[in-house]
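I opened this entry to look up salt bridges and the burial of their partners. Here is the structure I worked from.

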Amino acid sequence: MGEEANGYRGLGEEHVAPASNNLHKVSIIPLIFLIFYEVSGGPFGIEDSVKAAGPLLSILGFLVFPFIWSIPEALITAEMGTMFPENGGYVVWVSSALGPFWGFQQGWMKWLSGVIDNALYPVLFLDYLKSAIPAVGGGLPRIFAVLALTVVLTYMNYRGLTIVGWVAVCLGVFSLLPFIVMGLIAIPKIRPSRWLKVNLRGVDWNLYLNTLFWNLNYWDSISTLAGEVESPTKTLPKALLYAVILVVVGYLYPLLAGTGAVPLDRDQWTDGYFADIAKMIGGVWLMGWVQGASALSNMGMFVAEMSSDSYQLLGMAERGMLPAFFSKRSRHGTPLIGILFSASGVLLLSWLSFQEIVAAENFLYCFGMILEFIAFIVLRVRHPNARRPYKIPFGTVGCVLMLIPPTALIMVVLVLSSLKVAVISLVAVCIGFVLQPCLKHVEKKRWVRFSFNSDLPDFREEEDEEEETMVA
């Protein structure tokens, strides 16, 4: 793939008009809930933090971790997403800063991480459902349930992003309501002393950090469908702000209620335990509501993550980094091939356990975030005058300081990973190193058609225009 003005424009590429100009764009309310589901989806899955470290460290983790990780990542997404308001997101950022090779590696690792993440949601859904329907706990019934769920939710993505967005709003409201009710019923039973229980010698730091990391990352995922957002330069930063508040409150509120109202049994705190807590606090009816909310929440997370993954592939194809057939849209305007690829990956990975999936996706995600941080600083230094509708008000030095804690956290997560997870993840990274040159060779030989969308922005041209205006 040749390098022209934008740093990664392919050789012999056709210039194609964007296919999404006349499609419905995503407004701020659906966007908030799409971010909510790409990051969180509710408190389902945070139970392992209590099992790993006890109530105090779990509560402190969800209070402090957003400042170390979530807010810096959301700020970078707001600045870079408005600087490059197009599908592809972080792939475009890294390609513009570090070149096409590393841009492709970013896309490969993030897409694979996202697909691994999406494989979690059928697992979580069935873990909550098995207390009501024991048959889906294993064997053929579980396999068929995963397959059926994946097919139904994939079809929803095929039908359109605006549908997915408003479905996410409805699912989000329904998923959070039982926890609001549970918290209100729990008030007379809460004993604040239960929040303070901690045993530092009994902390499983690997499980604790992986649980926090998994539940509070992926803020940058929304950038891969920025081209589908209504007025992204204004809408994206606001949506990220409101989503951060919604996610953090959505974790802390039920966590305080559950740990404060029920005597501690750390071994019981594993995925699905909030349904049991709801039964102890409010009865069978509340447990059923929480289980239903979990099912719908996992549906919301699945469709949001698949949207992000599939539009990322579409954005990479529009930039000439993948074959042109990845940019093909269905009659509903959705990235047909990207959806099918993402769904296939989910089915292949759904046999893994919850903890294995979390650890594997966190490992790959960490590598991608390192590239993202480097690209962010490189673009700040090399192109200080480029148009940034939203700019983090810290200056470049301040941004470097802001990134020190999350970078340190990445190193800790990588070091604490098991050998099995590290080996599998590194093999996946090496596949990306081989895949990009192979695609470049395929393009050069013209075995498969590649294309470049001529209407996509080039921030360097905008920067040159601003500098000329300043000189004049």
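I began with burial. K110 is buried, and D220 is buried too. I keep in mind that this is a predicted model.

Next I checked how the two meet. K110 and D220 form a salt bridge, with the closest N and O atoms 2.2 Å apart. K110 sits in helix 4 (residues 100–129), while D220 sits in the loop between helix 7 (205–215) and helix 8 (232–261), so the pair ties together parts 110 residues apart in sequence.

I then turned to R319. Its salt-bridge partner is E86, and the closest N and O atoms are 2.5 Å apart. R319 is in the loop between helix 10 (284–318) and helix 11 (336–349), and E86 is in the loop between helix 2 and helix 3 (90–98), so this pair ties together parts 233 residues apart in sequence. Are these residues buried or exposed? R319 has 2% relative accessibility, so R319 counts as buried. E86 has a relative accessible area of 3% and is buried as well. The cut-off I used for buried is under 20%.

My third pair was R388 and E79. Their side chains meet in a salt bridge at 3.1 Å, N to O. This pair links distant parts of the chain: R388 is in the loop between helix 12 (354–382) and helix 13 (395–416), E79 is in helix 2 (residues 47–83), and they are 309 residues apart. I found both R388 and E79 buried.

Which residues are linked with E79 in a network of salt bridges? They are R380 and R388.

Last, I noted the total. The count comes to six salt bridges.

Conventions:
Residues are numbered from 1 along each chain as its sequence is written. This is a predicted model: local features need pLDDT of at least 70, side-chain atom pairs count only at pLDDT 80 or more; totals for chains, interfaces and linings use all residues. Side-chain values use heavy atoms; hydrogens and water are left out. A salt bridge is a side-chain nitrogen of Lys or Arg within 4 Å of a carboxyl oxygen of Asp or Glu. Helices (H or I, at least four residues) and strands (E, at least two) are DSSP runs, numbered from the N terminus. Buried means under 20% relative accessible area, exposed over 50%, partly exposed in between (1.4 Å probe, protein chains only).
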